[in-house]
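Please open the structure in your viewer and keep a selection panel ready. The tour moves from pockets to backbone angles.

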Amino acid sequence: MPTEVYDITIIGGGPAGLFGSFYAGLRDAKTKVIEATKVLGGALVHEYPNEVLRDVAGFVLITAERLAERFIEQAAAYDHTICKGEKVTALAFDNAKKVWKITTDKNDHFSTTVVLAIGTLQNLQKKYNVLLDSFKKIGLKTNELGVVVDAHMQTNLAGLFACGDIIAKPKEMNFITIASAEAATAINNAKKYCNPEASTFPGYSTDIRKGK
Ligand SMILES: Cc1cc2nc3c(=O)[nH]c(=O)nc-3n(C[C@H](O)[C@H](O)[C@H](O)COP(=O)(O)OP(=O)(O)OC[C@H]3O[C@@H](n4cnc5c(N)ncnc54)[C@H](O)[C@@H]3O)c2cc1C
């Protein structure tokens with residue numbers, strides 16, 4: 001049973017979760033990713049691996065499968081803990097330990113902050129309804145579009161963030177480029193939650209590694 005407390009635990013290994021995981025590395029956060037399936041990449045690999053994407057920032061044409069490989073390669077720049085084939089079934093704040101407890105079908109995990117990157121509400125309703133029940137129990141604010149967040153990707157519960165297709169936004173905003181930006185925002189604010197002295201602006205990536 002893992003008892004170690006992580007700074008940031010990201011639930012979901014799709015584009016939002018993978019870019020978030022890379023970004024958490026950039027922010028020197030002790031990070032874990034928990035993905036329900038045995039394969040990282042989310043909708044890119046599970047729903048349309050052979051389709052060609054034309055609207056991802058910086059890519060002219062790329063197949064979904066290849067794009068997933070790029071996300072995975074980028075996330076692998078940091079040596080985070082990745083738990084594949086583990087479905088998150090419940091979330092609860094552990095009042096004694098003052099951390100989030102993430103329960104899966106295999107283990108309990110502990111983390112100062114949690115970032116939900118779990119795809120569309122419709123998919124969740126189909127596959128992971130039990131997690132939605134847990135959201136109700138802890139009083140997580142949701143609506144018919146998804147999990148409600150503010151501009152910092154913070155939910156109504158302290159230390160719990162969300163990004164990507166799960167957040168309450170119009171369906172026509174379910175784009176990979178948007179999910180990636182939301183993931184970086186969620187991570188920057190999770191970092192600040194863990195360490196109030198930290199800036200939410202990490203500087204440009206072109207600068208932060210200079211001199212290290
Ligand atoms: C057919 C189709 C075509 C598309 N074409 C484009 C396009 O051309 N351009 C574009 O920008 N976007 C496109 N999109 C949208 C894009 O794929 C999504 O916006 C993007 O995948 C969102 O990423 P995400 O990480 O939020 O969610 P997802 O990719 O859905 O990933 C969520 C991950 O969370 C995991 N998860 C869920 N619940 C749990 C749980 N309880 N425990 C652990 N893990 C869990 C899932 O297994 C999944 O891997 C398309 C979508 C579809 C369906």
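What follows is a list of selections to make, in order, with a note on each.

This is a predicted model, in which local features need pLDDT of at least 70 and side-chain atom pairs count only at pLDDT 80 or more, while totals for chains, interfaces and linings use all residues. Residues are numbered from 1 along each chain as its sequence is written, and side-chain values use heavy atoms, with hydrogens and water left out.

Select G14, G42, A43, I118 and G119, which lie nearest the centre of the largest pocket among its 38 lining residues. A pocket here is an open set of points on a 1 Å grid over the protein atoms alone, where a 1.4 Å probe fits, with protein on both sides within 12 Å along at least five of seven lines, and lining residues have an atom within 4 Å of a point. The volume of this largest pocket, about 690 Å³, is the space filled by probe spheres set on the points, which are joined across faces, edges and corners.

Next, select F19, V56, A57, F59, L67, R70, F71, Q74, I176, T177 and S180, which line the second largest pocket, where the space amounts to about 190 Å³.

Now turn to K98, which is not a glycine yet has a positive phi of about 60 degrees; K98 is exposed (over 50% relative accessible area, 1.4 Å probe, protein chains only), at 56%.

Finally, select M153, another non-glycine residue with a positive phi, near 65 degrees; M153 is buried (under 20%), with 10% relative accessibility.
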